[in-house]
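Open the model in your viewer and keep the selection panel at hand. Each stop below names what to select, then what is there.

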Amino acid sequence: TGPSLLPKIFDILVRFRGYRIGLTSDVKSAFLNVRIQKSFRNFVRFLWIDDVTKRNPKIVEKRFTSVPFGVTNSPFCLSATIVVHLEKYIKDYPDVVKKFLEDLYMDDSATGCETIQDAFEFYLRSKGMMKEGGFELLKWTTNNEELQKKIDENEILMGNEKVVTKKQTKVLGINWDTKSDELLFSFENVLKLIGDDDPTTKRFILHFVCSVFDPLGVFSPVVITFKMLFQELCMKKCSWDEELDEAFKTRWRKMLLKLKSFECIRIPRFYAKETESDDVTRFELHGFADASQKVYACVIYLKCITANQVFTQFLASKTRVEPLNAKTIPRLELLSCLLLSRLMKTVLESLTNVAVGESFCWTDSIDCKFWINRTEKIRPKFIQNRVVEIRKNVPGVTWRHCPGKLNPADIPSRGLGISKP
């Protein structure tokens, strides 16, 4: 079927946090701007009524003339159309085309620049190129007041309505406070899915866990506790629609009660927000891996070094429950190192707008550090196969030992109670 034309939301968000000036926009009625050839319209037929005002209307057959929203291949049709259209401008504006396509997810763009001038030029170029293809880029939002004012003035000159600047806006499903330039994370939306009459079953708990939208892993220390509960239900071989016993119901209610008292988490959108000017001399990636008897996890931080200070920013995190066929702690530690290597590889490939110098991976397992750094073959194959993949994922990364008490991955690996700080 070929490669996906849609970039990953994780990759876009990682890059979006690397721009000093964030810039978002939306393609107006994106799917309706793509027409369907007459020879293909029979594939998108549907039944309708001839007159909505009639008491007994007749059923008639209609055909879509534009790409309908909700059809399985509609995102591909939209992305392919935009890619083919923008190919005309690659020779003249290669950087603008590349950036726009990399940071466009269906009809939502989340990108940015380092200066106001560069951002405004990108706004003009991308808007002009898309307009020539029949696509209108609207709802431009940024964290820079001066840039927002220039964009609003230009939009009014072009006959578009001025964007009502809100304190908070959405960026690929995540709340963005443009005034403080922070990303906001809360369980408010997922808690709305829970009603008083909802059954406490294994199916419903899985539905709840899968409803948490957390691409960066900010909630991973909390969400993993719900995954651990679900795994226990699987180990007890509970049926999908069977009401849980009182012991599990009590645990579920207590977890939900604590979740409702959970406050909103705010993290800086821009990694180097603490610097007033472009005085960061070096960026480093530091990844940490850890495992417990029930969970293995990893977390990555971006270290920003200036002439006067050093500070770190949370970048991403991943957690996994232990396999049902129980493993020893050293092997679980190795799985956490494997998870970290995969996440580190993804981050290094997506963080193209930040000049990362060195990258380091940390583990509190002496065994894992020995296995990874050893050049000879290792027995058994379980260890050897995973060590080979780790080395392949992060070939130039240095693995170091970190004491367990100082390992930040220890928190998600054990699950964090919501009441804890």
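**Stop 1: helices α2 and α4**

Select Ile82, His85 and Leu86 in α2, then Met129, Met130 and Glu132 in α4: these two groups meet. Here, contact means heavy atoms within 4.5 Å. By class, this contact of α2 with α4 has 4 nonpolar, 1 polar and 1 charged residues. Ala, Val, Leu, Ile, Met, Phe, Trp, Tyr, Cys and Pro count as nonpolar; Asp, Glu, Lys and Arg as charged; the others, Gly among them, as polar.

Now show α4 in full, residues 116–132. Its axis and that of α2 come within 10 Å and cross at roughly 110 degrees. Axes are lines fitted to C-alpha atoms, for helices over the stretch in contact, and angles run from 0 to 180 degrees between N-to-C directions. α2 and α4 are therefore roughly perpendicular to each other. The classes are: under 35 degrees roughly parallel, over 145 roughly antiparallel, 65 to 115 roughly perpendicular, and the rest oblique.

A word on the model and its labels. This is a predicted model: local features need pLDDT of at least 70, side-chain atom pairs count only at pLDDT 80 or more, and totals for chains, interfaces and linings use all residues. Residues are numbered from 1 along each chain as its sequence is written, and side-chain values use heavy atoms, with hydrogens and water left out. Helices (H or I, at least four residues) and strands (E, at least two) are DSSP runs, numbered from the N terminus.

**Stop 2: α2 again, now with α3**

Keep α2 (residues 74–86) and add α3 (residues 94–102). Their axes lie 11 Å apart, at an angle of about 175 degrees. The pair is therefore roughly antiparallel. Which residues of α2 meet α3? Ile82, Val83 and Leu86 do, against Val97, Phe100 and Leu101 of α3. This contact of α2 with α3 has 6 nonpolar, no polar and no charged residues.

**Zoom out**

Show the whole protein. Its secondary structure comes to 13 helices and 15 strands. The C-alpha atoms fill a box of roughly 70 × 65 × 45 Å along the principal axes. Of the 421 residues, 47% are buried. Buried means under 20% relative accessible area, exposed over 50%, and partly exposed in between (1.4 Å probe, protein chains only). Among contacts between residues at least 6 apart in sequence, 72% join residues at least 24 apart.

**Stop 3: helix α9**

Select residues 246–260, helix α9. At 1.5 Å a residue, its 15 residues should span 21 Å, and the end C-alpha atoms are 21 Å apart, which agrees. The expected span is 1.5 Å times one less than the number of residues.

Colour Phe248, Lys249, Trp252, Met255, Leu256 and Leu259: in α9, these are buried. They cover an arc of only 130 degrees around the axis, which puts them on the same side of α9. The arc is that of the directions from the helix axis to the C-beta atoms. An α-helix has 3.6 residues a turn, so residues three or four places apart point the same way.

What do the buried residues of α9 pack against? Show α6 (188–191), α7 (202–211) and α8 (220–235). Then turn to the face away from the buried side: Glu246, Ala247, Lys254 and Leu257 are exposed there.

**Stop 4: Val171 and Leu172**

Select Val171 in strand β7 (residues 168–171). Val171 is buried, with a relative accessible area of 2%. Beyond residues up to four places away in sequence, Val171 touches Leu13, Phe16, Thr24, Ala110 and Trp176.

Next, pick Leu172, in the loop between β7 and β8 (174–177). Leu172 is buried as well, at 13%. Its phi is near 50 degrees, a positive value in a residue other than glycine. Most residues other than glycine have a negative phi.

**Stop 5: Ser29**

Go to the loop between β1 (21–27) and β2 (45–49) and select Ser29. Ser29 has a positive phi of about 45 degrees, although it is not a glycine. Is Ser29 buried or partly exposed? At 42% relative accessibility, Ser29 counts as partly exposed.

**Stop 6: Leu351**

Finish in the loop between α10 (329–350) and β14 (356–363), at Leu351. Leu351 counts as buried, at 4% relative accessibility. Measure to Ile12 in the viewer: the two are 339 residues apart in sequence and 8.9 Å apart in space, C-alpha to C-alpha. Leaving aside neighbours within four places in sequence, Leu351 is in contact with Val14, Tyr271, Leu315 and Val356.
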